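Student: I would like a close look at a single part of this model, with its salt bridges as the topic. Please keep the cut-offs explicit as you go.

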Amino acid sequence: MKRFHIIKDHLTTKYISLLLVSSIVLAASASAAVTWQLAKKGTVDSKNRSTEPILILYTNDMHCAAETEEHSLGFAGLAAIKDWAETISPYVTLADCGDAVQGDAAGLLSEGAYMIDLMNEAGYDLCTFGNHEFDFGMERILELTEKRSKAQYVSCNFLDAKTGKTVTEPYAILDYDGIRAAFIGISTPETITSSSPAEFMDEEGNYTYEFCQGEQGTRLYDTVQSAADQARQEGADYVIALAHLGTAESVQPYRSIDVIAHTSGIDAVLDGHSHSVIGQELVKNKEGREVLLSSTGSRLANVGCLIIDTKGTQQLSDDTLKTTLISKEAASQMETSVLSILAQYEEQLQEVAAYADAELSVNSKSGNRMVRCRETAIGNLCADAFRVISGADLAVVNGGGIRAGIPAGEVTQQDILQVFPFGNQLCAVACTGQDILDLLEFACRNIEKEPENADGPVGESGGFLQVSGIRFAVDTSVESSCVQDEQGMFAEVAGRRRVQEVQIMDQKTGEYLELNPGKTYTLASTDYLLLEGGDGFGMFRDYVFLNRQMMLDRQVLEKYLREELGGKISGGSAGVQGRIIVK
């Protein structure tokens with residue numbers, strides 16, 4: 001296991017204290033810093049420990065957000081913050097909590113290498129795996145993290161299914177001149193279903209990797225507890241989790257707050273996955289002691305800073321921990337590196353593919369991700385492209401796979417790549433009407449009716465489907481009865497169905513007719529959903545496919561825009577049409 005020993009010219013304690021106060025003031029615009037007094041039973045204070053503060057900068061869910069934008073620091077801002085931190089303390093660590101290498105055009109074209117190179121230049125020390133780290137395949141991410149990345153990747157629950165051993169080190173211990181901090185990596189057990197399930201299987205369909213999923217969360221809790229205990233036994237004064245778990249209700253029992261509640265010995269959890277903005281929360285662990293929880297949001301809207309303040313003494317008993325979020329700062333020379341790497345792709349990305357007379361957004365005006373919980377114009381456009389280009393009776397596209405909208409005006413190759421950054425491929429399969437009913441029921445299991453005085457719908461899910469050639473209603477008063485297996489894959493519908501009034505469009509007449517459960521229909525979607533069982537849709541993997549991996553998703557959309565729409569996206573061809581009615 002790597003050990004990090006940071007040696008720099010020390011600043012005077014007085015000067016550090018003044019700068020530390022300034023840093024808290026700077027960060028206060030994003031999150032008020034609340035001091036948490038440590039109370040470590042049995043801690044032996046030492047006269048050989050540093051008296052300087054320790055700053056851990058952290059990011060999560062960057063999704064290739066390298067450029068400085070209106071609501072993003074970009075790597076230029078990140079570099080400026082790191083430079084600023086290094087004027088405050090000789091002990092600065094930069095860590096990432098997952099979902100960094102995927103999410104934009106350059107990330108897709110380079111299969112993750114783009115972000116790894118920039119993270120190397122930024123000076124990342126530690127990272128953990130998010131579910132989207134695996135979108136380019138298991139072989140690719142292991143190549144990037146083991147051979148290309150200068151940072152150490154850690155995860156205590158990313159296991160070889162055959163041996164039960166961790167694929168990477170479960171944690172790393174950093175030594176700050178006598179103060180030792182352990183950083184435990186925790187990856188979401190949902191990784192298998194929220195990435196590409198086939199990547200975690202051998203040719204016979206047996207799982208070769210796992211993330212301690214199942215058993216109502218107890219496997220995960222026990223694994224994290226074991227790592228924390230071992231780190232303490234190795235002499236860690238502090239235990240910090242670099243987690244990609246999230247706080248959304250839909251990921252129970254794997255939320256960061258669930259892990260905190262069922263473990264002890266962890267001082268702080270730096271989290272990702274749900275894109276939550278959490279400056280600092282105090283969550284009680286199983287012993288009733290408070291643990292710091294923080295998350296930066298997404299796409300470098302903020303950079304987090306965990307401060308271990310020694311108060312200028314060598315005793316641990318008077319140390320305090322606090323977390324805060326730092327918002328956008330002035331750009332630095334890192335911007336030059338970003339632009340240099342992007343330049344090689346720029347000419348290809350700026351080619352115009354179509355013209356849109358209005359914006360097609362994935363979000364509502366209030367910022368809710370509508371594409372994950374309601375019918376949207378961008379969703380209809382994408383699903384129509386899949387249906388028309390494949391010639392299938394109907395098509396579905398998972399909302400989580402549509403990562404950006406289309407702007408009004410010229411639509412470039414870069415815009416299309418941002419809509420479909422994952423490089424999934426078009427597939428078509430013959431299935432029964434009953435299969436389609438199960439598909440829709442599983443996709444709509446998290447939908448909720450919009451509450452009064454809310455700023456938009458709730459109950460979003462990456463597996464919510466945008467559809468074409470079909471329409472239906474969802475009765476939210478009916479509780480979902482979908483059953484999933486231990487891997488999170490669809491198993492059955494065990495009770496009353498909430499998806500109702502399902503109709504299939506007659507391709508010749510355009511008339512909608514009642515779906516026949518016993519009839520065979522052709523269904524188009526991505527290989528991620530149909531072949532690999534992504535988002536838990538495992539019901540089609542053993543079917544005979546009419547077409548397997550015909551063309552990339554972005555090629556499907558471009559072909560549809562050019563050849564079927566004549567390069568013109570109008571309200572009539574892409575508007576919301578009542579395909580999904582939520583009651």
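Student: Which residues are linked with E111 and R140 in a network of salt bridges?

Tutor: The network of salt bridges joins E111, R140 and E143, where a salt bridge is a side-chain nitrogen of Lys or Arg within 4 Å of a carboxyl oxygen of Asp or Glu. Before the details, please note that this is a predicted model, in which local features need pLDDT of at least 70 and side-chain atom pairs count only at pLDDT 80 or more, while totals for chains, interfaces and linings use all residues. Residues are numbered from 1 along each chain as its sequence is written, and side-chain values use heavy atoms, with hydrogens and water left out.

The pLDDT, which is the predictor's confidence in each residue on a scale from 0 to 100, has a mean of 86 over the protein chain, and 87% of the residues reach 70 or more. Residues 1–46 have a pLDDT below 50, although this stretch has 109 contacts in the model beyond near neighbours in sequence, a contact being heavy atoms within 4.5 Å. Residues 330–334 also have a pLDDT below 50, and that stretch has 13 contacts beyond near neighbours in sequence.

Within the network, the side chains of E111 and R140 meet in a salt bridge at 3.9 Å, N to O. This pair links distant parts of the chain, 29 residues apart, since E111 sits in the loop between α3 (105–109) and α4 (113–122), whereas R140 belongs to helix α5 (residues 138–148); helices (H or I, at least four residues) and strands (E, at least two) are DSSP runs, numbered from the N terminus. The two partners also fall into separate accessibility classes, for which buried means under 20% relative accessible area, exposed over 50%, and partly exposed in between, with a 1.4 Å probe and protein chains only. E111 is partly exposed at 40% relative accessibility, while R140, at 16%, is buried.

Two further salt bridges provide a useful setting for this one, and the count by the same rule comes to 20 in the model. In one of them, the side chains of E86 and K82 meet at 3.1 Å, N to O, and both residues lie in helix α2 (residues 74–88), four residues apart, about one turn of the helix. In an α-helix there are 3.6 residues a turn, so residues three or four places apart point the same way. Of this pair, E86 is partly exposed, with 31% relative accessibility, and K82 is buried, with a relative accessible area of 15%.

The other example is the salt bridge between the side chains of R562 and E558, at 2.8 Å, N to O. Here too the partners are four residues apart, about one turn of the helix, and both lie in helix α14 (residues 553–564). R562 is partly exposed, with a relative accessible area of 34%, whereas E558 is buried at 19%.

To return to your part of the structure, E111 and R140 are linked together with E143 in the network, and the E111 to R140 pair is the one that connects a loop to helix α5 across 29 residues of sequence. By contrast, E86 and K82 share helix α2, and R562 and E558 share helix α14.
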